[in-house]
Each structure stands twice: as structure tokens, then as C-alpha cells.
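Welcome! Take a moment to look over the model below, and then we will walk through it together.

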Amino acid sequence: MTSSKWIKKTSPFSIVEYAEGLKRNDRAILAKAITLIESNHPNYVNQGQQLLKEILPNTGNSLRIGITGVPGAGKSSFIENLGTMLCNTGKKVAVLAIDPSSPLSSGSILGDKTRMEKLSRHPNAFIRPSPTGGSLGGVHRKTREAILLCEAAGFEIIIVETVGVGQSEVSISTMTDIVLLLAITGAGDDLQGIKKGILEIVDSIIVTKADGENLQKALETKSEYKQILRLLYPRTKGWKPQALACSSFTGYGIKEIWELILQFEKETKKSGVFLTRRQQQTKDWLKSTIFEQLEYSFFQNENVKSVWSEIEQGVIQGKLPVTQAANQLMKIYKNT
Ligand SMILES: Nc1nc2c(ncn2[C@@H]2O[C@H](COP(=O)(O)OP(=O)(O)OP(=O)(O)O)[C@@H](O)[C@H]2O)c(=O)[nH]1
Ligand SMILES: [Mg+2]
């Protein structure tokens, strides 16, 4: 941590400069502020946290939309279409992408840039690809903090795109107000086999690519999803998940989806679910941060490290019960 190569590094702007830049919706400053909070460099981490504290009163005023779905489901194209429509009506739209399957690759970045070409050139839009580096936990923190920075910069709609593999739908659900699953046709035969768990953490399902020869099939898949959704426990109390279809090429269904999102916002705000969820998400974030820090502190502890292999061997060889081994390690950790 005290390596000399890090000592001179400081951010190009002061906290006040960042905060003022965000207030006037300066997208270049916003991009730099996100880079600041994404950094793992100790100087930057500190400055990033100071900045977050400064801008916190200006956050929370957006609608946070999570878009998930398998690779190639049409997420970026959908966001391009919906985002451009919203920007054209004067709304400010920020798009953040998380790709948990390849946090270090830049492939998706290029893909997203080209697939959101129109949107990325729109003066009301801001697009930021996947944060890189660090653990999955780190990626979540960075995305959550990037959401706050976008809000402080006046973005009213924040769309988070994530590839739906395994745990990512769950994590997007912990940082957005509404979660939409984008699904493709052809999955029809497998619908019964689809993981119930995934459907239960989404607020609606959108069947994509409903155009040309695929239109009829998309409408059929939509009906099948409708049937299944009726049987499931909804993610959001009081909200009945819908199944819709759209085409990002023809624009079919996009307006209807936006109306559905607005209806969701209106109803959940009225019932109080919107605010309660936001508060719960913040509480959970606090807790998970503590878990991460404790875990890190435990495994970095020199005394723990010095006895780890021995105790581990004892467990493997059946000489020491696991709970007892854990108790011993915890004792060593607590006494240091
Ligand atoms: N026919 C048709 N093709 C579409 C539509 N939307 C997307 N596609 C095509 O589907 C492919 C994947 O689209 P993307 O929008 O990049 O999908 P994605 O879900 O963002 O993909 P990843 O980010 O790689 O997971 C591209 O070749 C698109 O041209 C649509 O509405 N209709
Ligand atoms: Mg994409």
C-alpha cells in the first residue's frame, strides 16, 4: 500500500470541482468521477468516498431500471431504442453495463458502444460500460456508486444492463427499482424447465425480436410466459408481472413497455413499496459491505495466515472437526 509508484498519484480535480461539474450535468466530469470511484488506488478511494458524501443529498431522484437476459437476447438494442425515445422527449438517460462473466474483457464494451450508436451520440444520454477489475463484490459497489454519481449529474432514468448468467439477476435486483427480463423466442419448449428462481426476481418479461418471420412466434412465446407468470410469486409486492413483446428494429411494443414501467413506478410509489425497497437495498448494501470487509480482514490477518495450513490439514485428515477448526481460527483472529 505504501509503494512509491502510488505516492504521487492524485485526481486531476478537487472534490468541489467534481461536485460542481456534476451539478451542471457535465458528462466529461461524470465519466472522470466514475473512474475515480472505480479506482482501487488508496488515494483515489478516499477522494471517491469524500465525493460521494458531498453529492449524496442530490441522489436518489431517478428511476433505476434493470435489464437482464441471456447473451444476445437483444438488451443493448432494446436500451438503444427505448433510451433514444426517452432522450428525444427531453429525458436524461444514463446506461451502465455490468458483465459479470467477463469483468476484465473489453469485448462487451465495444459491442455495447456500437449497438447503442444513436444513443451514445445523443446529448441527453450517458453510456458507461462494465467496471473492470476487482471481485464481483467490487463490481457491485462500483455500479451502485456510479448510479449515485449519475443521479447527482441529473440523470432521471438509469438503465443497468447485465448479462443474465447465474447470480447476476439477483444482484441487479438489489440495485434497481424494476427488473425486466428480456427473453428470446424458441425458448418456448423449454419454458416449463426455465428456472423458476429467475422468473421470481423479475417484474416483467419482454420477448424480443418480435419482427419479420419471428413476430408470430414471439407473440406465442409471450402468451406462454403470461401463463407461467400467473403461477409465480411476484418480485414486487402488489405488482402483477406482465409479459410483453417488442422489436428494437421496428419499434414495435417499445412505447407499451415504457408505459408499463411508468405504471409500475406510479403504483409502487403509491403503495410505499418503492421507498421501502430502496431503504432495504441500502441496508443490505451496508451489510454486504461489512461481510466483504470482515472476510478480507480475516484472510489477511497474519496470525490466521500462519496457522491456516496446519488447521486446514487437520480438517482434511479428519483429525479436527470443521466447527472446532473454525472456532479456533476465529479465536486467533479476535485476539489480534
Ligand atoms: N430481428 C431482430 N434482431 C435483433 C433485435 N434486437 C437485437 N437484435 C439482434 O440480436 C443480436 C444481439 O443484440 P444485442 O442488442 O447486442 O443483445 P445483448 O442482449 O445486448 O447482447 P450481449 O450484451 O452480448 O449479452 C444482434 O445481432 C442484434 O442485431 C430485434 O429487435 N430484432
Ligand atoms: Mg449488450
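Of the contacts in the chain with a separation of 6 or more, what percentage is accounted for by residues 24 or more positions apart? In this predicted model, the share is 78%.

**The chain as a whole**

The chain holds 15 helices and 7 strands. It has 336 residues, and 47% of them count as buried. About 17,800 Å² of the chain is exposed, with carbon and sulfur atoms supplying 55% of that area.

**The sheet**

Now let us turn to the strands. The 7 strands build an open sheet with parallel pairing, in the order β3-β2-β4-β1-β5-β6-β7. At the edges are β3 (125-128) and β7 (242-245); each has a single partner strand, so one side of each lacks a neighbour in the sheet. On average, and ignoring direction, neighbouring strands of this sheet are turned by 20° against each other.

Here are some of the strand pairs, each with one pair of residues that stand opposite each other:

| Strand pair | Sense | Bridges | Opposite residues |
|---|---|---|---|
| β1 (residues 63-69) and β4 (residues 157-163) | parallel | 7 bridges | Leu63 and Ile157 |
| β1 and β5 (residues 178-183) | parallel | 4 bridges | Gly66 and Val179 |
| β2 (residues 93-98) and β3 | parallel | 4 bridges | Leu96 and Arg128 |

Helices pack on this sheet, among them α5, which touches β1, β2, β3, β4 and β5. The direction of α5 makes about 175° with that of β4. Helix α11 (residues 215-231) also packs on the sheet, where it touches β5, β6 (204-207) and β7. Its direction makes about 175° with that of β7.

**A closer look at β1**

Why is strand β1 described as largely enclosed by the rest of the structure? The reason is that 7 of its 7 residues are buried, which here means a relative accessible area under 20%. Both faces of the strand are covered. Leu63, Ile65, Ile67 and Gly69 are buried on one side, and Arg64, Gly66 and Thr68 are buried on the other.

**The magnesium ion**

Which residues coordinate the magnesium ion (ligand 2)? They are Ser76, through OG, and Glu161, through OE, at 2.1 to 2.3 Å. Ser76 belongs to helix α5 (residues 75-88) and Glu161 to strand β4, so this pair ties together parts that lie 85 residues apart in sequence. Ser76 counts as buried, at 5% relative accessibility, and Glu161 is buried too, with a relative accessible area of 7%.

Methods. Residues numbered from 1 in each chain as written. Chains lettered and ligands numbered in written order. Predicted model: local features only at pLDDT ≥ 70, side-chain atom pairs only at ≥ 80, totals over all residues. Heavy atoms only, no water. Helix = DSSP H or I, 4+ residues; strand = E, 2+ residues; numbered from the N terminus. Buried < 20%, exposed > 50% of the residue type's maximum accessible area, 1.4 Å probe, protein only. Contact = heavy atoms within 4.5 Å. Areas by Shrake-Rupley, 256 points an atom, 1.4 Å probe, with all protein chains shown as cover. Pairing = 2+ DSSP bridges. Donors = N, O, S within 2.8 Å, 3.2 Å for Na, K, Ca; no water. Axes fitted to C-alpha atoms, helices over the stretch in contact; angles between N-to-C directions.
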